[in-house]
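Reader: I'm new to reading protein models, and a whole one is a lot to take in. Please pick a single spot and walk me through what sits around it.

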Amino acid sequence: MRIFSEIRSAFDGPFGVVPSGSLEGVAEEEIKRLAPLGFDFYSIYAHHLPSFMLEDHGLDRTFAINDTYDLSQVREGAQFGITALEASIVPGSEYGTGLSFADLLKYRYLADHSGLPVLVPSQRKLVTGDVPSLQRAGVKAIMLGAVVTGKTEDELRRAVSSFRGAIDKLS
């Protein structure tokens, strides 16, 4: 647990966790320990989210949907105290390919109908030129992962810096 405290002390941005990849893999005792360790939020697929996690444990509650979800089901998420929606809607077979207009239409639908801020993980090979279109689609945050950042520290720094610059140009 000390490692989480060390990471938190070195990083002042939002700090989150994906607590499990299954409904049975989450223990309430573990969730209760996250906020005191400096975690700000969790994100977990809706079908992996047990009902006890909807209670206030000092964390922002974020849920994810995948490409198999009926998009209209997200309409009620805010009624459960959910603070954001992670739109992980790209089929696995399409990871690493370019952003499409079809993706943007789905993000826009989710932004318009969920009542929640929409976060987009970089399942696609996003480029900085995608940032204005993602903003027009109502996306509130991009979660950069290895598909975009690469795997070395230098690649990560360059990718984050270029996306930060593209986001700063929006305002």
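Author: Let's go to Glu-86, which you'll find in strand β4 (helices, H or I with at least four residues, and strands, E with at least two, are DSSP runs numbered from the N terminus). Before we zoom in, keep in mind that this is a predicted model, where local features need pLDDT of at least 70, side-chain atom pairs count only at pLDDT 80 or more, and totals for chains, interfaces and linings use all residues. Residues are numbered from 1 along each chain as its sequence is written, and side-chain values use heavy atoms, with hydrogens and water left out.

Is Glu-86 buried or exposed? Its relative accessibility is 11%, so Glu-86 counts as buried (buried means under 20% relative accessible area, exposed over 50%, partly exposed in between, with a 1.4 Å probe and protein chains only). Leaving out residues up to four places away in sequence, Glu-86 touches Ser-43, Thr-62, Phe-63, Ala-64, Ile-65, Leu-119, Pro-121 and Met-143 (contact means heavy atoms within 4.5 Å). And here's a nice bit of folding: Tyr-45 is 41 residues away from Glu-86 in sequence, yet their C-alpha atoms are 8.5 Å apart in space.

Now let's step across to the next strand. β3 and β4 pair in the parallel sense, with 4 bridges (two strands pair if DSSP finds at least two bridges between them). Opposite Glu-86 you'll see Ala-64, and Thr-62 of β3 has Ala-84 in β4 as its bridge partner. β3 itself is mostly covered, with 5 of its 6 residues buried.

Keep going and you get to β2, which runs parallel to β3 and is joined to it by 5 bridges. Here Ile-44 has Phe-63 as its bridge partner in β3, while Tyr-42 stands opposite Arg-61. Ser-43, one of the contacts of Glu-86, lies in β2 as well. Its relative accessible area is 5%, so Ser-43 is buried too. Skipping sequence neighbours up to four places away, Ser-43 touches Val-17, Val-18, Pro-19, Thr-62, Ala-64 and Glu-86. Its C-alpha atom is 8.8 Å from that of Ala-84, although 41 residues separate the two along the chain.

One more step takes us to β1, residues 16-17, which pairs with β2 in the parallel sense over 2 bridges. There, Val-17 has Tyr-42 of β2 as its bridge partner.

Back to Glu-86, then, to look at another of its contacts, Leu-119. Leu-119 is in strand β5 and is buried, with a relative accessible area of 15%. Among the residues that Leu-119 touches are Thr-62, Ala-84, Leu-85, Glu-86 and Ala-87, along with Ala-141 and Met-143. Not everything far off in sequence ends up beside Leu-119, mind you: Asp-12 is 107 residues away along the chain, and the C-alpha atoms of the pair are separated by 19 Å.

Put those strands together and you have an open sheet of 6 strands, in the order β1-β2-β3-β4-β5-β6, with parallel pairing. β1 and β6 are at the edges with a single partner strand each, so one side of each has no neighbour in the sheet.

What about Leu-85, the residue just before our Glu-86? Leu-85 is one of the residues with the most contacts inside the largest nonpolar core, together with Met-53, Phe-63, Ile-65, Tyr-107 and Leu-110; the core has 36 residues (such a core is a set of buried Ala, Val, Leu, Ile, Met, Phe, Trp, Tyr and Cys residues joined through side-chain atoms within 4.5 Å). Elements that give two or more residues to this core include β2, β3, β4 and β5, and also helices such as α2, α4 and α6. The biggest giver is α3, with 4 residues. In soluble globular proteins, nonpolar side chains tend to be buried together. Leu-85 touches, among others, Phe-63, Ile-65, Val-74, Leu-110, Leu-116, Val-118 and Leu-119. Notice that Phe-63, Ile-65 and Leu-119 are contacts of Glu-86 as well.
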